[in-house]
Each structure stands twice: as C-alpha cells, then as structure tokens.
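Please find below a colleague's note on the attached model, set out as numbered points.

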Amino acid sequence: MATAAAPLTLSRLPHPAPTAPDRRESAIADPGFGRVFTDHMVVIDWDEANGWHNATLGPRGPIPLDPAASVLHYAQEIFEGLKAYRLDDGAMALFRPDQNAARFNASARRLAMPEIPEELFVEAVRQLVLADADWFPKVEGGSLYIRPFMFASEPFLGVRPAKQYKFVVILSPAGNYFKSGAPAVSVWVSDYTRAAPGGTGAAKCGGNYAASLVPTSEAFANGHDQVVFLDAAERKWIEELGGMNLFFVFDDGSLLTPPLTGTILPGITRDSLLTLAREEGLALREERYSIDQWQADAASGRLVETFACGTAAVVTPVGRVAGRAHDFTIGTGGPGQLTGKLKQKLVDIQRGLAEDRHSWVMRL
Ligand SMILES: *Cc1c(COP(=O)(O)O)cnc(C)c1O
C-alpha cells in the first residue's frame with residue numbers, strides 16, 4: 001500500500017504537567033534500559049479515507065484502544081529501534097535514521113500495513129528528541145533510545161489487513177553500554193527456530209519477539225545470556241541472536257557474517273560494520289556458517305573471535321556457546337581484538353570523534 005508523500009506537520013499539544021526537574025534528574029541518573037520514559041510522544045493516525053493524518057507531538061500517556069483492535073488478536077505490529085547520541089561537541093545526533101525509516105517500510109510491506117513517508121518518520125523522531133532533550137542521560141555513553149512503532153487499531157475480528165493504524169514514537173533514556181571491558185556473553189543454541197523461509201524473519205515485528213521468549217527463557221534457565229537461532233529448514237546454519245546479528249573472525253584476519261536470505265533481520269549495525277571492515281581492507285564473506293563448523297573452528301583455533309551487533313549494545317563479544325549438542329569457548333572466552341577495534345571505529349563515528357565519510361550522522 002503506497003501512500004502519497006503529502007507534507008504533514010506535527011501539531012504540538014501542550015503538556016499539562018511535565019515531570020519536575022528534580023524527579024527527571026533522578027530518573028535519568030541511572031536509567032538502565034527500557035524502563036524510564038520521557039514526557040512526550042508522537043502519534044499519527046492512518047485510515048483508508050485520509051491516509052496519514054492527525055499528527056501530534058503531545059504528552060506521553062495511555063492510548064485508548066478498542067478491545068477488538070486487530071493488533072490485540074492478530075499481532076499486526078512493527079517497530080524500530082534507534083538512538084540519539086551525544087556528539088563530542090555536545091550536540092545530539094541520530095545515526096542513519098533514513099535506514100530505520102526504510103526498514104520500517106519494508107516491515108510494513110511484509111505485515112500488509114501502510115508505508116509512512118520516510119521524511120515524516122525522520123521528522124517525527126527529530127522533533128520528539130528535541131522536545132525531550134532535557135531527558136538525555138548525563139552518564140558517560142548514555143543515549144536516548146527511540147522506539148517508533150505502528151499497530152492495527154481497527155476494531156475488527158475478521159482476518160484481513162486492518163484499515164486503521166497508529167504510528168507512535170516514544171523515547172527511553174538509556175544508560176552506558178560502552179563501559180570498557182564489557183564482558184563477553186554466553187549464548188545458548190536453541191532447538192526452537194526464529195524464522196522460516198517465506199516467514200517474517202526479515203521484518204522487525206513484535207510477533208518474532210513473542211516467539212523468541214520461550215527459547216530466551218530456556219537460555220536464561222541454562223545460565224546463558226542470549227539465544228542463538230539456527231535455520232528452520234536444516235537446523236544447521238547459524239542465523240542470529242534473538243535481537244542481534246553475528247560476525248565471525250578467523251585467524252587470517254577475515255570476517256564472515258550470515259547472508260540476508262530473508263530469515264535474518266537486516267541490521268543497520270551489521271551493514272555499518274561491513275562497510276567499515278571493507279574500508280579497512282579486511283576480507284569479508286557473507287556466507288552460511290554451520291554450528292558444527294563453528295565448534296570445529298573454535299577448537300582448532302581457526303576461529304578466533306565472534307561478536308553480536310545491534311543498536312542497543314552496538315558490539316558484544318560472544319565468549320561461550322552451548323546447546324544440547326554443543327559446548328565450546330571462543331578464543332580466550334573474553335573480548336577479541338578485532339571486535340574491539342571495529343566497535344571503537346563505529347562508536348567514534350557515532351560520537352563525532354572520527355570522520356563521517358558516509359554521512360551517517362544526522363546532527364540535530
Ligand atoms: C533490530 C534487530 C537486529 C539489529 O538491528 P540494528 O539495526 O543493528 O539495531 C538484529 N536482529 C533482530 C532480530 C532485530 O530485531
């Protein structure tokens with residue numbers, strides 16, 4: 001469903017009672033992740049007759065929803081995740097927000113939802129971040145996590161694409177993910193699968209996450225931090241973690257990451273790291289890699305590092321892998337050299353400390 005890119009401006013609704021400065025300061029002193037929210041939100045409606053309309057930036061609060069709203073029954077929902085960073089000179093910036101907008105629309109197409117003009121998506125994010133700039137956590141490496149999402153609001157129990165939607169953006173101050181010496185994570189190889197060929201694996205939809213909760217709980221129960229999913233057809237090829245893409249580093253200095261075949265979420269961090277690694281002249285392969293080969297290569301020393309990547313934690317080393325049929329350590333079990341180097345390169349660009357050759361940084 002294409003939508004005409006009619007210019008639409010956000011109306012500002014006054015906030016009757018913004019959070020008092022002292023309460024806000026204590027909320028953002030140690031925000032953690034995903035539990036503190038700012039004062040405002042953006043809401044934009046869509047229906048068949050009007051397209052995108054009724055765009056507001058107003059007080060954050062509950063959204064009235066009919067109990068028959070399709071999203072509550074058939075999970076027609078998609079989302080994005082990006083961050084506002086603090087540049088070295090004190091200004092705030094977004095990182096490749098156009099890519100989040102494009103991916104949001106790709107997810108919308110897969111879930112039979114209307115696309116939103118990319119400029120409207122980015123403008124909604126930009127204005128909201130500026131409106132709640134006071135909520136930017138003052139901790140080193142802190143950020144404002146931005147969560148745009150869209151859901152089917154039409155009250156209708158028939159099974160077909162809904163005819164009414166809401167696009168919403170909220171903000172959550174996030175703490176420091178950049179603590180030096182971040183520990184390597186331990187991952188659990190699940191017997192459950194995340195995405196089948198022809199399914200929704202490449203779409204960022206809530207349904208994928210709902211289905212990953214049992215395997216994630218299983219990983220926790222077995223003493224691990226994250227799940228690693230194998231492909232659904234052969235149960236052999238490594239795909240990704242529940243919410244992060246994977247990279248493998250070999251003793252010849254080359255890198256491998258699984259290819260985007262439709263069952264893996266096309267991460268923007270993944271794409272950025274591939275670009276940076278290519279610039280470094282590293283040998284790169286986007287190829288399938290099997291769980292048995294991963295174990296054999298870790299044992300022989302051919303595989304020296306593995307890391308996961310995504311917006312929330314940027315780059316996280318994987319130190320240990322276990323499952324019903326596997327148990328092995330990668331390298332020394334701690335963060336690897338190339339992992340650290342690539343992470344630093346990316347973080348330096350995001351913070352305005354390194355040259356932004358690809359115009360990835362959008363200063364606010
Ligand atoms: C969002 C997400 C990622 C990471 O994408 P980024 O754009 O790098 O944040 C990876 N896998 C899944 C399943 C995701 O939902």
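The points below go from the whole chain to single helices and residues.

1. Nature of the model and its elements. The model is predicted. Its protein chain holds 18 strands together with 8 helices.

2. Overall dimensions. The C-alpha trace covers about 60 × 50 × 40 Å along its principal axes. For a chain of 364 residues, a compact globule would be expected to have a radius of gyration near 21 Å, and the protein chain, at 21 Å, agrees with that expectation.

3. Burial and surface. Of the 364 residues in the protein chain, 51% are buried. The exposed area of the chain is about 15900 Å², of which carbon and sulfur atoms supply 52%.

4. Contact range and charge. If contacts are restricted to residues at least 6 apart in sequence, 72% of them join residues at least 24 apart. The chain carries 42 negative and 35 positive side chains, and the centres of these two sets are 1 Å apart.

5. Helix α3. This helix has 14 residues, and from its first C-alpha to its last it reaches 20 Å, close to the 20 Å expected at 1.5 Å a residue. Its buried residues include Pro97, Asn100, Ala101, Arg103, Phe104 and Asn105, as well as Ser107 and Ala108. Ala112 follows α3 and has a positive phi, near 55°.

6. Helix α4. Residues 118–131 form this helix; its 14 residues should span 20 Å at 1.5 Å a residue, and the 20 Å between its end C-alpha atoms agrees. Leu120, Phe121, Val122, Ala124, Val125, Leu128 and Val129 are buried in α4. As background to such a pattern, an α-helix has 3.6 residues a turn, so residues three or four places apart point the same way.

7. Two arginines with positive phi. Arg96 has a phi near 50°, a positive value in a residue other than glycine. Its place is the loop between β6 (92–95) and α3 (97–110). Is Arg96 buried or exposed? With a relative accessible area of 8%, Arg96 is under the 20% cut-off and therefore counts as buried. Arg235 likewise is a residue other than glycine with a positive phi, here near 55°. The loop between β10 (226–230) and β11 (238–241) contains Arg235. The relative accessible area of Arg235 is 49%, so this residue is classed as partly exposed.

8. Trp188. Strand β9 (residues 185–189) includes Trp188, and this tryptophan counts as buried at 7% relative accessibility. Which residues does Trp188 contact, leaving aside its neighbours within four places in sequence? The partners are Pro215, Glu218, Ala219, Asn222, His224, Gln226, Val227, Val228, Ala322, Gly323 and Arg324. Among them, Ala322 is 134 residues from Trp188 in sequence, yet the two C-alpha atoms are 5.1 Å apart in space.

9. Ala219. Helix α5 (residues 206–221) contains Ala219, which is buried with a relative accessible area of 0%. Beyond its neighbours within four places in sequence, Ala219 is in contact with Trp188, His224, Gln226 and Val227. For a pair well apart in space, consider Trp360: 141 residues along the chain from Ala219, its C-alpha atom is separated from that of Ala219 by 35 Å.

Note on methods:
Residues numbered from 1 in each chain as written. Predicted model: local features only at pLDDT ≥ 70, side-chain atom pairs only at ≥ 80, totals over all residues. Heavy atoms only, no water. Helix = DSSP H or I, 4+ residues; strand = E, 2+ residues; numbered from the N terminus. Rg over C-alpha atoms; globule rule 2.2 N^0.38 Å. Buried < 20%, exposed > 50% of the residue type's maximum accessible area, 1.4 Å probe, protein only. Contact = heavy atoms within 4.5 Å. Areas by Shrake-Rupley, 256 points an atom, 1.4 Å probe, with all protein chains shown as cover. Lys, Arg positive; Asp, Glu negative; His and termini not counted. Charge placed at Lys NZ, Arg CZ, Asp CG, Glu CD. Expected span 1.5 Å × (residues − 1).
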